[in-house]
Amino acid sequence: MNGQAKHIDIWNDFLHIVERIIEPRPFTTWFKPIKPLSLEGPTLTVEVPSDFFREFLENQYLDVIRMTLRRVIGPDARLIYSVRPVQTQPAMTLNAQYGTAPVNKAVSLGNLRTDSITNPLVLPGLKKVEIDPRLNPVYCFENFVKGECNQMGLSAGVSIAEAPGKTPFNPLFIFGGPGLGKTHLAQAIGIAIHNKFPDLIVLYVTGSQFKSQYVDATTVHNKLNDFLHFYMKIDVLIIDDIQDLQTAGGSQGALFNIFNHLHQNGKQLVFTSDRPAVELRNFEARMLSRFKWGLSVRLDRPDYATRLAMLKARRDREGVLISDEVLEYIAAHVKSNFRELEGALVSVMAHATLTHQENSVELAARITENIIGEDAGDINIARIQDSVCEYFNITRDELLSSSRKRQIVQARQISMYLSRNLLTNCSLATIGSETGGKDHATVLHACNTVSDLMATDRSFKRYVTDIEASLATSENL
C-alpha cells in the first residue's frame, strides 16, 4: 500500500465502522464532509469545514471517534483537525441600523372562523389575517457580537437562516444563563429568515405567552382546535424561555402536537431555555426527547475580548463619545453577561450626561462598583488556579508554563478540570486561553485524563476533592 493512499484507506475503514454505529442522517451530515489529509505513524490529520463543525464532533461523537480510531490505527491513535480555509465569511460584528420590524404576509386560515380566534396575535374579522412575527429589528445578526462563547450557536443560526427546516439543526435548542444572548440569537434567526424568505410565516413567542394563549383558548373560549390550527400555519416557530412551560398542564400536550405537525412538514423550530433539556423538570418525556432531536447549543459567559467588542459595538451604534480606556475597564470588571455589561455602559453614559461629568475610568469604577461587588466572591478561573498552586506549592507562572514536569502537568490538568466542572458557563476555549494559551482539545484531554485518574487513583482523587472543598469553603466566607 503506498504512503499517499494509506490515510485514505484508514479513513474509509473508519467510516465503515462509524456508519454501523450511528444513524444515517447524522453520519451523512457530520462524517461524510470530512476529508483525510495524511497519516504519520499513529496520527491521522483530517480536514473539517469549520471550527463549529470540529467542536460539534468533539461534543457529540468524541467517544465514537476515539474508539474507532484505536480500532483502525491502534491504541496510540491520535486525530488532528485542519479547518478548511474559507474564502468569504459573513461579518458578524458590524453595527446595523435599527430598521423596521418585519411583517409577515397575510395568510388564509381556511375554514377557521376568524371572528372566533382568541389568539391575541391574530387580527379578527378578516378573511386573510396578518400574523405579527413579534421580532425586534435590533436583535439581528449584524448586531450580534461573535465570540468563543457563542460561536457554535451563531454558526448554527446562520446555517438555519440559509435553509430553514432543511438542516440537521431542527429543532435548535439554545440554552444558557441570563443575559448571554439567547433571545437575541433566536430573534436574529427569525429576522434573517424573514428577510431571505418573505413568504414564510415567522412567529416569536415566549413560553409564558404560549401558556397564556393555551389557557385562554381552552378555559375561556373552548377553542382548542382554533389554537392548534393557528400554530400549525407557522413556518418558523421560535419559543423563548421554554422552561416556563414546566407544570403547565395541557399546554405541553398542545406543543407536542404542534411540534410534530411542523417538524414533519419541514418547518423550522427554535427553542431557548435557561438550562439544558435534561435539566427541565416536570416536562413530559416525549417532549424532552423532541428537544434533543436536532442540535442543542450552550451560550457561555463572554470572555474579555468578546465583552470589549460588544461594548465598542454598542458605543458605535449609539453614536456616543466614550474612550476605549473606559470600555476596557468595564470589560475587565463586569464579567457575568452581556446584559450587565450594557447596563454598566448605559449607566456610565447617563451619569456623564446628567451630571456633566467626563466619561472617565474613575466614573466607570464608581458606577460598576455594585455590579462588581456581586461577583467578587464567585469562583472564577483565576481563583481555581490560585487554589491549585497553593495546594501543590507551585507558582502561577509554572502552572501556566509549558513545563512537562509531572507535578506541574497534573496541577495544570486539575485546574482545567475544575474550571470546566465548577464554571458551567465557561467554554473549553476560554479555559484554555486563560491557562497559558492552550487550545480547546488540550483542555478536553486534561479533563478526560483527570476523570480517568480519579476513577483509578485514590490519592489523586483526594487532591481534586481537597482543592474543590477549599474553593467551596472560601466561597461561603
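This passage describes the fold, the strand pairing and the aromatic contacts of a predicted model of one protein chain.

The protein chain contains 19 helices and 10 strands. Of its 477 residues, 49% count as buried. Among the contacts with a separation of 6 or more, 73% are made by residues 24 or more positions apart.

The confidence of the prediction varies along the chain. The mean pLDDT of the protein chain is 80, and 82% of the residues reach 70 or more. Among the elements, the highest mean pLDDT, 96, belongs to strand S8 (residues 236-240), and the lowest, 56, to strand S4 (residues 106-108). Two stretches deserve separate mention. Over residues 86-98 the pLDDT is below 50, and this stretch has 27 contacts in the model beyond near neighbours in sequence. The pLDDT is also below 50 over residues 111-127, a stretch with 36 contacts beyond near neighbours in sequence.

Strands S1, S2 and S3 form an open sheet in the order S1-S2-S3, with mixed pairing. The edges are formed by strand S1 (35-40) and strand S3 (78-83), each of which pairs on one side only. On average, neighbouring strands of this sheet are turned by 25° against each other, direction ignored. Five bridges connect S1 with strand S2 (residues 43-48), and the sense of this pairing is antiparallel. Within it, Leu39 has Leu44 of S2 as its bridge partner.

A further group of paired strands involves strand S9 (residues 268-273). Six of the six residues of S9 are buried, so this strand is largely enclosed by the rest of the structure. Its side chains point in two directions: Gln268, Val270 and Thr272 face one way, while Leu269, Phe271 and Ser273 face the other, and all are buried. S9 runs parallel to S6, to which it is joined by four bridges; in this pairing, Phe173 has Phe271 of S9 as its bridge partner. S9 also pairs with S8 in the parallel sense, over four bridges, and here Leu237 stands opposite Leu269 of S9. Strand S6, in turn, is joined to S10 by four bridges, and these two strands run parallel. In this pairing Ile174 stands opposite Val297 of S10. The two faces of S10 are unlike S9 in their description: Leu295 and Val297 form a covered face, and Ser296 and Arg298 an uncovered one.

Aromatic side chains provide another set of links. A pair of aromatic rings is described by the distance of the centres and the angle of the planes. In the model, the count comes to 20 aromatic pairs. One of these is formed by Trp30 and Phe169, whose ring centres are 5.9 Å apart and whose planes meet at 40°, a tilted arrangement. Trp30 belongs to helix H2 (residues 24-30), whereas Phe169 lies in the loop between helix H4 (151-162) and strand S6 (172-175), so the pair ties together parts that are 139 residues apart in sequence. Residues under 20% relative accessible area are classed as buried. Trp30 therefore counts as buried, since its relative accessibility is 4%, and Phe169 is likewise buried because its relative accessible area is 6%.

A second aromatic pair, between Phe259 and Trp293, is edge-to-face, with 5.6 Å from centre to centre and 65° between the planes. This pair also links distant parts of the chain: Phe259 is in helix H8 (residues 250-264) and Trp293 is in the loop between helix H9 (285-291) and strand S10 (295-298), 34 residues apart. The exposure of the two partners can be stated separately. Phe259 has 0% relative accessibility and so counts as buried, while Trp293, at 44% relative accessibility, counts as partly exposed.

Phe259 and Trp293 are also members of a cluster linked by ring pairs, together with Phe173, Phe175, Phe271, Phe283 and Phe291. Two members of this cluster, Phe173 and Phe271, are the bridge partners already named in the pairing with S9. Finally, a charged group is placed over an aromatic ring: the charged end of Arg286 sits over the ring of Phe256, 3.9 Å from the ring centre.

Note on methods: Residues are numbered from 1 along each chain as its sequence is written. Side-chain values use heavy atoms; hydrogens and water are left out. pLDDT is the predictor's confidence in each residue, from 0 to 100. Contact means heavy atoms within 4.5 Å. Two strands pair if DSSP finds at least two bridges between them. Axes are lines fitted to C-alpha atoms, for helices over the stretch in contact, and angles run from 0 to 180 degrees between N-to-C directions. Rings of Phe, Tyr and Trp (its six-membered ring) pair if their centres lie within 6.5 Å; planes under 30 degrees apart count as stacked, over 60 as edge-to-face and the rest as tilted. Buried means under 20% relative accessible area, exposed over 50%, partly exposed in between (1.4 Å probe, protein chains only). A charge sits over a ring if NZ of Lys or CZ of Arg is within 6 Å of the ring centre and within 35 degrees of the ring normal.
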